[in-house]
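Please review the model shown here before turning to the briefing beneath it.

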Amino acid sequence: MAGDKNFLTIAEAAELLNVSKTSLRRWTNQGRLKCYRLGERKERRFLLEDLLAYAPSLDIDIQESDIFAGPGDRNDSVLQCSHPHYCSQYRDTDEQWEMIKPHLLNHLEPGAVSVYLYDGSAQQIEDWLADEGYSSASLQAQGILRLIPADSIYLEGGVFKVDRMLDFWKSIISNCEASGVDRLFITGEMNWATTDAPGTELLLEYEQALDDIAAQYPWLTLLCQYDLTRFAATTIFDTLLIHPCVQLEQSSATGLVVQS
């Protein structure tokens, strides 16, 4: 039965065939490539044997070394977690972008949405995207990207409230589900927690609640960004214990992700 088989996600299938996920969606909609629909969201999953059978029609020669057994065998710039709730740690904007980039760029396409809560100005994010050939204005107009000042959400009314933040994210998730979004990337710069605003002492409680949400939605990726120059070492250590995946450093080629 289909439920007893090992499936590849659409991202894994696209990498194996060296094509875009948009092409895979089109081919499955046309009936050219077989896929299975799993879960409540009916997400596409592919059998390796079906992809290998389809590859010759694309003039693709897949070598044995190109075939991976699962996420743990891949040499991605970002390794996959059991449920993707990441914590990134950085000291400057260069390190910050190298950690964000693989997650964000992987979601800048139709069918995916990215929500970025930024500290200060959005100009830095717009510049990063421009360097990669993306127009922030165009992405926002298409609904693929949302840039929101962090303080306006985290510290609405000058106070941090865990329940309010969780309701905000649940609303985002619910709206994406209703509109048929395949993948959602949520990231927030966490500097708001270094202020003396009431409620910031609940940071760890909030992070634990986020982890519980991440475990419920396999199509959701969460990335909490921590500036090592702003946070106390004890806080950084405590966040390491909560996140299932922690990006400690990143280069343009490979990343180091430690699972706690």
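The briefing covers model confidence, an enclosed strand, a small sheet and the cysteines.

This is a predicted model, in which local features need pLDDT of at least 70 and side-chain atom pairs count only at pLDDT 80 or more, while totals for chains, interfaces and linings use all residues. Residues are numbered from 1 along each chain as its sequence is written, and side-chain values use heavy atoms, with hydrogens and water left out.

**Confidence**

- The protein chain has a mean pLDDT (the predictor's confidence in each residue, from 0 to 100) of 84, and 82% of its residues reach 70 or more.
- Among the elements of the chain, which are DSSP runs numbered from the N terminus (helices H or I, at least four residues; strands E, at least two), strand β6 (residues 145-149) has the highest mean pLDDT, 98, and strand β10 (residues 255-259) the lowest, 43.
- Residues 63-80 stay under 50 in pLDDT, and the model gives them 30 contacts (heavy atoms within 4.5 Å) beyond four places in sequence.
- The pLDDT is also below 50 over residues 250-260, a stretch with 33 contacts beyond near neighbours in sequence.

**Strand β8 and its partners**

- All eight residues of strand β8 (residues 220-227) are buried (under 20% relative accessible area, 1.4 Å probe, protein chains only), so the strand is largely enclosed by the rest of the structure.
- Leu 220, Leu 222, Cys 224 and Tyr 226 point one way from β8, whereas Thr 221, Leu 223, Gln 225 and Asp 227 point the other way.
- Strand β4 (residues 85-90) runs parallel to β8 and is joined to it by six bridges; pairing requires at least two bridges found by DSSP.
- Within this pairing, Ser 88 stands opposite Gln 225 in β8.
- Strand β7 (residues 183-189) is likewise parallel to β8, with six bridges, and Ile 186 stands opposite Leu 222.
- From β7 the chain crosses through helix α9 (residues 203-214) to β8 in a right-handed β-α-β crossover, meaning that the path from the first strand over the helix to the second runs clockwise when the strands point away from the viewer.

**The three-stranded sheet**

- An open, antiparallel sheet has the strand order β1-β3-β2.
- β1 (8-9) and β2 (36-38) are the edge strands, each with a single partner, so one side of each lacks a neighbour in the sheet.
- Three bridges pair β2 with β3 (residues 43-46) in the antiparallel sense, and Leu 38 stands opposite Glu 43.

**Cysteines**

- The structure holds zero disulfides (pairs of cysteine sulfur atoms within 2.5 Å).
- For Cys 87, the nearest cysteine sulfur is that of Cys 224, 6.9 Å away.
- Cys 87 is buried at 0% relative accessible area, and Cys 176 is buried at 7%.

Note on methods. Buried means under 20% relative accessible area, exposed over 50%, partly exposed in between (1.4 Å probe, protein chains only).
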